[in-house]
Every structure is written in C-alpha cells, then in structure tokens.
Amino acid sequence: MAEAFNFELVSPERLLVSEKVTEVVIPATLGEMTVLANHAPTMTTIKPGVVSVKLASGQVTKYVVFGGFADILPTGCTLLAESAVPASELTHATLQKRIETTQTEINHAQNDEHKTKLEQFLAELTHLNGVVNPA
Amino acid sequence: MPSLKDLKNRIASVKATQKITKAMKMVAAAKLRRAQEAAEAARPYAERMTKVLAGLSAANAGNAEAPLLLSGTGKDQVHLLIVATGERGLAGGFNSSIIRLARDHALKLLAQGKTVKIITVGRKGNDILRRTFKDNIVDYVTFREIKQLGFAQADEVAHKVLALYNAGEFDIATLFYARFQSVISQVATASQIIPAKFDATQAADASSALYEYEPSEEEILEDLLPKNVAVQIFRALLENNASFYGAQMSAMDNATRNAGDMINKLTLSYNRQRQAQITKELIEIISGAEAL
C-alpha cells in the first residue's frame, strides 16, 4: 500500500477536493507528472488537462482543470486551478464555448506574444476536447 | 386635524409599506446566507495564492527585472480607483459609505496635484460619482443582469485594469469595497492591488521551503501576478455582495420596525378621534332632547 498524502484542489469559487490520496497525475506545463508522497518541494504551472486523483481507498476520480498552478510539498499537494470541474460533469457544449471564446480572443489579440499564448491555449483545449469527448 | 377617513387611508398605506419592507428583509436574509457561503468558499484559494506570491515576491525583492505588477512603475503620479458598490439602493449607508471613502481619497489625491482615474463597478457608485468626477471616470462595469457572481466577472474587470496598466495609463491602483464584518457591520475599505503588497510575516512563513520551479521562478511569477489581481477583485466583489445584503437586511429590519411604530401611533389617534366623534354626537342628541 502506497503512502498517503493530503491533496487539495481549489478553484476561485470553491474547494473541490481535500482528501488523503496516494497518487495524483498533474498536467504540468512541461509535461504530465505524477505526484506521490514525499515529493520534493515543487511549484509548477498547469495547462488545461485532466487531473487524475487516486484516493487512499484506491478509487480513482478525474477532474478537468483549465490552467492554474500546483504547489507540491513532501507532506501534501495543493492545486490552484483557474477553473475546475469533475470530469463526469464536463459537457461537450461548455468546452466548445470555451474554445469559441478563445478563438474570438485570438482575433482581438493586440500583440503577437499574446496571440501565440492564446493559440497554444486553444490547441490544448482542442486536444482536451478530443480526450474527454471521443467523437 | 385629519379626518377619520384620512387616518384610515394612512394606516392602510403604512401597513402596505411594512409588508414590502418585511418581505425585502427576508429576501435579503436568504441571499445574504448564499453570498456569505460564496465568500467563504473563495477564501482558501485567495489565501493560498497570497501565500505563494508572498514567498515568490520575497525571493524576487531585490531583482531589478521583477515584473512591473510587483515592483510598480516607480512613479505615483496617476492613480486608478476601482470603486465597487451595489447595483441597487435601499441598503442603508452601504453605498454611500463606500462612495464617501472613495471621494475623500480622490479629492486628497487631486489636492496633491495627482491625476485620478476611476473605474466604477456597480450602478449606484457610477450614478453618484458621475456627478462629481464626470471627467475622471474611465470605465463602468455593471453586473445588473448577473444573478450569481462568478470568477468570470472578476476576470473581466481585471482584464480591463491590466490592459490599462500595460498601456501605462496609471501607476497605482486602489480597490474600494465594503469588507463584511458581520450582518450589522460592514466596513468600507481601500486596498492597494497594483503594485502588489504583501505582509512581511506571510512572506517569512512561506519562503522557508526550498522550492524547485517549473518553469522558472520568473515565469511563474509573471503568470501569477495578473491572476492575483483577478483573485483580489473577485474576493472584493464577493465581500461586497455579502455586505450589501447584510446592510439591506438591517436597513429593512429598521424600516419594518419604524412602520410598526407609526401604525401604533396612527391607530391611537384614529381611535381617539372616533371616540371624540361619538361623544360629540351623544352631546348633540342629549342637548337636542333637553331643549324640547
């Protein structure tokens, strides 16, 4: 049995999860990473993707997050998501809406740097759309 | 002396008013509970954000290349005041106390020869401030149609503020809102959000851990600072919302009680007058009978 640690998933609106878990997979900006207990203190930004949480009971739950950052300590892990929903509640329509808003934002972007950032975000969203809603 | 009929009409109208204020009080109480829950739910995020940022900014304190949002532009010539008020009135001194604080602050800055720009959030503040500072208001945001305040709304305000900042339109931004202390007390508060300020104690607390940063520390900081602005605004909006319903509840409670007092007083004089009239009629009958 793997060692358990505290995991918290918070969005600006509410605290989604605060529980003992054994394993968390985070979509970090530089690639996915799995956090286990006693991880070295790390701070990383997050791209839109799926966070999969393995509870101490062995049950796995999945959440979809849209950007944010994670604060990892040996004793626990806190994920501050800009917006987060349980994967089961995410619908195709809400995701599509996000993609559309990003698309319009790209059209209004003032400088190239901003535009590149948004385009990257859009690519991640589209990828996510494919993962969550296999056509 | 008003006639009996007049008194009766007035009693009926005060009773109708009392019914309305009573209903408003109960609606405000129900909404207050929800607003308070929302404000509490948002707290963990804001707290962690501040903690992380405090640690990061402490580490970057001496860095000359730190992002502008943290270090400021180095000037304090142009001030931006973000004034968050309610969308509606009938909430006692809620709106006026925020506006008074903002106005005093603006007048003080103007007297010092600084430039003042104002963004109003909420219809009430816009209506009143427009009278005095017509030329200073640069933007106006209203959430009239929105039932449940979400992070998206705060983000919208933050976007406007950041766009102005990046365009070099102002040097220091201060946010005005009412901090929710309890149902009966809301304190109008001013807090500086740009450049960001942190408590020294929080920084000392957070920087003790040695972190690995992925990507670099600077990039994370650059990513987080704009988010922090949105979070601060979101928090202020939620507190404001809770304060508004708290103020409205106590204002309506007072109004209901005043209406009750008034009904008692009017009923008393109604009864007295009715008695007087009966006595007068009796005297007329008796003196008429005696004359025969």
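## Strand pairing and the model

Two strands are said to pair if DSSP finds at least two bridges between them. The structure described here is a predicted model, and the pairing of strands is the main theme of this report.

One such pairing crosses from chain A to chain B: strand β4 of chain A and strand β6 of chain B (residues 212-214) run parallel and are linked by three bridges. Within this pairing, Met43(A) lies opposite Tyr213(B) of β6(B).

## Overall form of chain A

Chain A contains nine strands and two helices. Read from the N terminus, the order is β-β-β-β-β-β-β-β-β-α-α, with the strands preceding the helices.

The C-alpha trace of chain A extends over about 50 × 30 × 25 Å along its principal axes. The radius of gyration of chain A is 16 Å, which agrees with the value near 14 Å for a compact globule of 135 residues. Buried residues make up 29% of the 135 residues of chain A. Among the contacts in chain A with a separation of 6 or more, 47% are between residues 24 or more positions apart.

## Strand β7 and its neighbours

Strand β7 of chain A covers residues 68-73, and five of its six residues are buried, so the strand is largely enclosed by the rest of the structure. A residue counts as buried here if 20 or more other C-beta atoms lie within 10 Å of its own.

Strand β7(A) has β4(A) as one of its partners. Strand β4(A), residues 42-46, runs antiparallel to β7(A) and is joined to it by five bridges; Ile46(A) stands opposite Gly68(A) of β7(A) in this arrangement. Another partner is β8(A), residues 76-81, which pairs with β7(A) in the antiparallel sense through six bridges. Here Asp71(A) faces Thr78(A) of β8(A). The connection between β7(A) and β8(A) is a hairpin of two residues.

## The contact between chains A and B

Chain A and chain B each bring 21 residues to their contact. On the side of chain A that touches chain B, strands β2 (15-28), β4, β7 and β8 each provide at least two residues. The most come from β4(A), which gives four residues. Sorted by class, this side of chain A consists of 11 nonpolar, seven polar and three charged residues.

Strand β4(A) therefore appears in both settings: it is bridged antiparallel to β7(A), and it pairs in the parallel sense with β6(B).

Terms used. Residues numbered from 1 in each chain as written. Chains lettered and ligands numbered in written order. Predicted model: local features only at pLDDT ≥ 70, side-chain atom pairs only at ≥ 80, totals over all residues. Rg over C-alpha atoms; globule rule 2.2 N^0.38 Å. Buried ≥ 20, exposed ≤ 12 C-beta atoms within 10 Å, placed from the backbone. Contact = placed C-beta atoms within 7 Å. Nonpolar A, V, L, I, M, F, W, Y, C, P; charged D, E, K, R; others polar.
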